[in-house]
Structures are given as C-alpha cells and as structure tokens.
2 protein chains.
Amino acid sequence: MEIIQGGVTAAQGFFAAHTAAGIKYKNRVDMAMLYSGEPCRAAGTFTTNVVKAAPVLWDRHIVEETGTAQAVVINAGIANACTGEEGLRYCRETAEAVSGHLGIPAEQVLVASTGVIGMQLPIDRIRAGAEAMLPVLSGSRSAGTAAAQAILTTDTQEKEVAVRFEAGGRTVTLGGMCKGSGMIHPNMCTMLAFLTTDLAISGDLLREALRTDIQDTFNMISVDGDTSTNDSVLLLANGLAGNTEITEKNDDYRQFCRALRYVNTELAKMIAGDGEGATALFEARVIHAHSKEDARILSKSVICSSLTKAMIFGHDANFGRVLCALGYSGADFDPDRVELSFESEAGSIAIFAEGKALDYSEEQATHILSEPVVTVIADMHMGDASATAWGCDLSYDYVKINADYRS
Amino acid sequence: MEIIQGGVTAAQGFFAAHTAAGIKYKNRVDMAMLYSGEPCRAAGTFTTNVVKAAPVLWDRHIVEETGTAQAVVINAGIANACTGEEGLRYCRETAEAVSGHLGIPAEQVLVASTGVIGMQLPIDRIRAGAEAMLPVLSGSRSAGTAAAQAILTTDTQEKEVAVRFEAGGRTVTLGGMCKGSGMIHPNMCTMLAFLTTDLAISGDLLREALRTDIQDTFNMISVDGDTSTNDSVLLLANGLAGNTEITEKNDDYRQFCRALRYVNTELAKMIAGDGEGATALFEARVIHAHSKEDARILSKSVICSSLTKAMIFGHDANFGRVLCALGYSGADFDPDRVELSFESEAGSIAIFAEGKALDYSEEQATHILSEPVVTVIADMHMGDASATAWGCDLSYDYVKINADYRS
C-alpha cells in the first residue's frame, strides 16, 4: 500500500466540483458535488440518532434498496434535520437538479447536508448551486481538495487522504474526504465522509468492509459526546481499476480492508484533531483489556471526559481523571493492576502502577503533555485485547464556538 | 412539612465543627466533623465507579456491616482516591483520631474526602485537624453552616437545607449539607452529601428510603458527565424526636419520604446550579414519556450535552441540539410527535412541534434563556411518565477551572 496525495478524485473516473451558493455563509464555498462517469456500487453507514436528518433518510433508502449511485450533492451551513416533509422533498429536488443533466435517475444521486438543525434549506439557492457545479466537474486533484474545503463548517482545514494498492494484478486507488468538528460522537459513524475507489467489488463485500471498518475508525473518535442527526459515511466503487471483481474474502479483499483502515483512521484522526477549539489531538490507547469491546469502551471513556480533555488543554498530568474515566466507563477491571503512562513526541513517562502514583517528574509530564499529539496508554493487565480512541482537548474556544454558533 | 433555616445541626442532638487543617488549600477551612450524642442508624449510597476512593470502601463497610454510626470526619483538598493500602490505612487513622476521645469504636466513625485524586493525605495534619475539632463541636445553626463551608472545593457557596414534619405526633427535623461542583455525574449518587434527622426509624426502611429517593434527586444531576470516585450520600438518624419507631411503610414513612425528597432535590439543584463555571441552572423536564426509565434517560441526555450546555451559556434557542440529545439518548420515540418549549422567570415559548420549528420570536427566546434558571420542556406524546434532570451551562470558566485545577 502506497500513500499518495489527493482525495475523492484520486481514483479513476471520479469528478468533483464546488461552488459558493450563499446557503448560510457569506463569501465562501458551501456546496460540493461528486460524480462518477460509471455507475458505482454504493455502501453507507448512518447516524444511530433517533432523530435522523432528511438526507440520511434519502441516502439510506438508496444504499439499502439499490446499492448503486453515481453522484453526491453536498451542502454546508444548514443540516436539513428536524425539517419534516418539506425537508424530505428538498432532498429529492436537490437530486433532480442534477440528475436530468447527468442522464441518470434522481435515485442515483445521494445528498448530504451539515450545519444548523431545524432550519429549512433555501431550495432555490441549492438548486442554482447544484446546476452551477455541473459544467465545472473535474477529475483533477485540486478539484477534490476544493470540494473538501466546500463541505466544512466549524472545521479549520480540509481533510483528505488517498492510497494505492494492488488487487488482482491491477493498481487500485482509494481516496476520501470528510468534515466534522462539533457534534462529533460517532455511534456507528460520524459526520460526513465520502470515499471513492476504482476497485471492482461486490456490493455485499463493499458494505461488509465498511461496516466492519468504522468500528475501529470513525466510531472511535469523539469531540463532544454528541451523536449528530446527520452522520454519514458514503463509499462509492466504480470498478474502473479493471481488477477481477472481488466476490470473496481473498487476499485482494484483505488488501482493500487494509487500505480502507488506513484511509478511515487518518480521516477520523483529522476530525478529532480539528475538533472545535482543539489545540491537541488526544489519543487513548488501551492495551491488555479483557475483551475488544471492553478496550473500546475504556478508551472512548477516557477521550470523552470533559475533565481529561481540560487536563490536556492545561498540559497537566492529572492522571486521577483518567482513572476516574476508566472507572465509570462500564467495563470492569481491577484498579490495582492498571498501569498508566503518557506519551508524545517529547517522550514518554510512567505515572501510575500498583494502585498508586509513581514518583514521576511533574515538569517532565507537563513537557510531554504540551505537544500537539498526546497519547495516554492504559495497560489493564486483564487480557489480550486493545483499542485506540481519538479525541481532542477542551478549550475556551470550544465554548466560544458553541455559545455563538448560530449568530 | 415546613421548610426551616439550617442544615446538618437542625435536627436534635447533632453537632458540627470545622477547622483549617492546611491539607492542601491555604488560609481557608478544609475539615468538618459531624457528631451525634446518641448512636444513629446509618444509611449510605456510594459511587458506582469501579475506581472507588478509600473513604468509600471504609464507609460502605460500616454502613453495610453494622448500619450504625455516630460521627463523620470530612476533608476537602485531597480525595484519598487511587492511594492503595496507604490510603485505606489513613481512613482508619482518621477515625481513630476522634473515636477514643468520643468513647466510641473507630468503626462508628465515617470518613469522607474530596479533592485531587492520586495524592496521599498528609495524615499528621488530618489527625491534628480532627483532634482540634473535638472541643468545638456545637449544635448551633452557625456550626452547621460553617461545616458546610469547610467541605467545599471548587463550589462557590455552601449548600444546606432543612425541613420539619410530623411523625407519630412528634415533630421531626431533617437537615442536610452537600458539596460538589465538578466531576459531577451521579450514577447512584454523586459528590458528598450528609443528612441528619432525629427520626426514629428501622435501619431497613432508612436504607430503602434513601436508595429510592436518590433515583430522582442526586442521580438526576450532572455538571460534566464524570462520575467521581468519591461520591457518597450519608444519612444518619438518631431517634431523638421520640416518635414511635417507623417499622413499616405507614403515613409516617411517607411523610419522611416527602421530606427526604424535598431536601435532596434542593441539595441536588444547588450542586447543579453551582457547577464549575456555571452561570445558570439548566433544567430538563420530560413529560409523557413511554416509561419512567425513558423519561430519566431523555432528561439526563439533554442536560449532559456539551452543545445544549453551551447553548444555555450563549442564551441561544438552538433547539436542534435538544432534539439531537433526545435522539441519541438511547430511548426510543417518534421525533414527529415531540413538542419542545423553553421556560424561565421571563416567560415560556413553544419552539418545535409536528416535526418542525414553530414560528417563534428569536428575541423572546433569547430573553427567556437569559435567566439564571432555564427549563426546557420536552413533551414526548408517548405515554404517562415524566422526569426532571438538572445541569448547568458550559462556560469559559469551566475550562479555566479544569485546565488549572491542580495548580
């Protein structure tokens, strides 16, 4: 597997476009579009929130009923959630704004929205924006990057990754982009992520690969514990790499899963590290847990705690908060067997073992906690399972962003 | 039931004292003590965190084994949590510092600690502080208030409540004090609360009354989602009111339960409203839920969300965040049947019904959300159950307090 530059246009046959449609933000791009000249197998995972945004309902129907799609229209600024029948109608109208020109049914056009909940989309501007993107669709790398910029809300930077790998003697490319900064607490998936590949693979295996992968990638990040109404991960595969279609779990399938794991892990970490107001990516690695499920629960509990997050912001090795978060996670363990350490580019330091604090240097600990990526490692001494979760620190700016978000 | 002034010394035969022992804070009181001249029936509920502080282990043993106690020694500044064998030994040594002088076994002395996790208590100063309090034990109202001040950490004000009610023709008094401002997310109970009454009641009914009550009081508050290692609610009943001992669930028992509900609700709300950095008490009332359990889950989910909390801080009726928090709570419901409104001293306003936003005035909504107590009411239209949860807003000061806590 080779890591390459690019994102959603890296794979053969995928095109992207963007525009400033004036949906809610002024003077910035706020719509993007993806298109594949060839029909794609489509897989998707969506929010588990009982309150589901209209685009989630529209896309889920397409992915589950037909399992194919050829385009995606995305807007930032308004989430089209809690918008009733009118909101659902706007999904169809958005799809129809491009489907005729592209010569495909509206049911082959996925839609995605992110932004304020409860407001109706200005459908005239959405329609005009969608139509304006059609003539400028491009397969260039910069078109993919520009699309990744157009879908951002409170994010501070675009998020894209791409890799190449071999399958059936052919070179296959997988690329993706995502957005997400607040209301990030995946339970199944989170935020908006769009993955494109030229791999030829059966619909069943495409879905299974995605469903399995997100358990250890997008499901392991949290910014603020809030599972959004709009979370969606969409994966399109157009088969243009020309490999023999993957129809069983052979070596090619495993190559693809490895590539997917890499791309989704990197995208997920970008979301966590770019969490609203974040100054650091906060990683919790739990090792020797009793079971994989326990390891996931424990690591997520650590990165979700407001107190551990404030500890990272303050560069303060207040390890009791880590133990506290492990303790209320819901997973059982023996506190006297836990060993804690902190790690970053600046080094690593053991903090706690055998039920009490070790004799460590607070100065060195603060030095280690002052880096832009900080890892806490919890060795549970309970078994062989491990998991890693990613979050970010809790800063003044998180409060500022969210007290003012609509204004 | 009559609401009266006072706290832990309101009931007959209870004495309190306080001192500045210099445990961690400088120039402030940091130890308190409660004592009853008569032996008391004792009930307690403790943290469900797997990581339990040493005082929780000590007290739980006493409450469960003997069910009686006569004194409590409390310190602020250091939590005596994650302190291994040494921490447990210090519980006994703290109890022994007063038991000899009081002429009671060490096992009749409960202990409680709150503050930083992972540090050992300076046991010499604890012992000296405990001994210094013995000669100044007093049944005065001001002694109770001073004790309530001595147990605070990041709290901004002391928290005490007392009521009188009739049982068996006698006047019975119930009073309490508590502390708690951060690491507040009760799962069984939270923080430290001390309740004293001169009621005569069997140990079994005392325990049952407390266990039942906290489900709707201390278990329904949250400041930051973190269930502490030290959470304890202790209830002492010395029988001095002279009522016929309550041994069955008669009218007297129900009077007591009503009094307990009032005292614990008020204490719990004081903790939520005095949450770290809070500028407002944030109440979520869920009505017409499918079941009591659903109502509790839904209301707690609303007050626990970082995004709804920031919304209250920003006085912004961003109701989509409330729907989002209801939606990921884990309780099932039909989003199209939910009705949302906001309420405060400044009025009430309906916001959402039939799946979409109502045509309300943002200006009026902001006016309502600018009060020191703000209530969101969610009518689920699913059944007859209701519940109320209390939290607070998320402010810059929460971050400041917790990034700097140990310094």
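**How the two chains meet, and what holds the sheets**

Me: How much area is buried between chain A and chain B, and what share of it do carbon and sulfur atoms give?

Reply: About 4,200 Å² is buried between chain A and chain B, with 61% of that area given by carbon and sulfur atoms. Bear in mind that this is a predicted model.

Me: What makes a residue part of the contact, and how many does each chain put in?

Reply: The test is heavy atoms within 4.5 Å. The contact takes 53 residues from chain A and 53 residues from chain B.

Me: How many salt bridges does the rule find across the interface of chain A and chain B?

Reply: The rule finds 0 there. To score, a side-chain nitrogen of Lys or Arg would have to sit within 4 Å of a carboxyl oxygen of Asp or Glu. Polar contacts do turn up, though: 8 residue pairs between chain A and chain B, both partners at pLDDT 80 or more.

Me: Which elements of chain A supply at least two residues each to the side that touches chain B?

Reply: They are α8 (306-313), α9 (320-327), β13 (356-357) and α11 (396-403) of chain A. α11(A) gives the most, with 6 residues. Sorted by class, that side of chain A has 26 nonpolar, 18 polar and 9 charged residues.

Me: Why is the pair A:R41 and A:E245 called a salt bridge?

Reply: The cut-off is 4 Å from nitrogen to carboxyl oxygen. The side chains of A:R41 and A:E245 meet at 3.3 Å, N to O, so the pair passes the 4 Å test. A:R41 belongs to strand β3 (residues 31-46) of chain A, while A:E245 is in the loop between β9 (232-237) and α6 (251-273) of chain A, so this salt bridge ties together parts 204 residues apart in sequence. Over all chains, the rule counts 36 salt bridges.

Me: What makes β13 (356-357) and β15 (385-392) of chain B edge strands?

Reply: Each of them pairs on one side only. The open sheet has 6 strands in the order β13-β12-β11-β14-β10-β15 (chain B), with mixed pairing.

Me: How do you know that β12(B) and β13(B) pair?

Reply: Pairing calls for at least two bridges. β12(B) and β13(B) have 2, in the antiparallel sense, so they meet that requirement. B:F352 has B:A357 in β13(B) as its bridge partner. In the hairpin of these strands, with 2 residues between them, B:E354 takes a positive phi near 50 degrees.

Me: What about β11(B) and β12(B): how many bridges, and in which sense?

Reply: They pair over 5 bridges, antiparallel. A hairpin joins them through 2 residues, and B:F342 is partnered with B:I349 in β12(B).

Me: How many bridges join strand β10 (residues 281-289) of chain B to β15(B)?

Reply: There are 7, and the two strands run antiparallel. One of the partnerships is B:A284 with B:A389 in β15(B).

Me: Which strands does helix α7 (residues 292-304) of chain B lie across?

Reply: β10, β14 (373-379) and β15 of chain B, with the helix running at about 20 degrees to β15(B). Helix α9 (residues 320-327) of chain B, on the other hand, lies across β11 (339-344), β12 (347-353) and β14 of chain B, at about 120 degrees to β11(B).

Me: And what is the strand order in the open sheet of chain A?

Reply: It reads β13-β12-β11-β14-β10-β15 (chain A), 6 strands with mixed pairing. Here β13 and β15 (385-392) of chain A are the edge strands, each pairing on one side only. Strands β11 (residues 339-344) and β14 (residues 373-379) of chain A pair antiparallel over 5 bridges, and A:E343 has A:T375 as its bridge partner in β14(A). α8(A) packs on this sheet, touching β10 (281-289), β11, β14 and β15 of chain A, its direction making about 125 degrees with that of β10(A).

Definitions and conventions:
Residues numbered from 1 in each chain as written. Chains lettered and ligands numbered in written order. Predicted model: local features only at pLDDT ≥ 70, side-chain atom pairs only at ≥ 80, totals over all residues. Heavy atoms only, no water. Buried area = accessible area lost by both parts, 1.4 Å probe. Polar contact = N/O pair within 3.5 Å; in protein donor to acceptor, adjacent residues only side chain to side chain. Helix = DSSP H or I, 4+ residues; strand = E, 2+ residues; numbered from the N terminus. Nonpolar A, V, L, I, M, F, W, Y, C, P; charged D, E, K, R; others polar. Axes fitted to C-alpha atoms, helices over the stretch in contact; angles between N-to-C directions.
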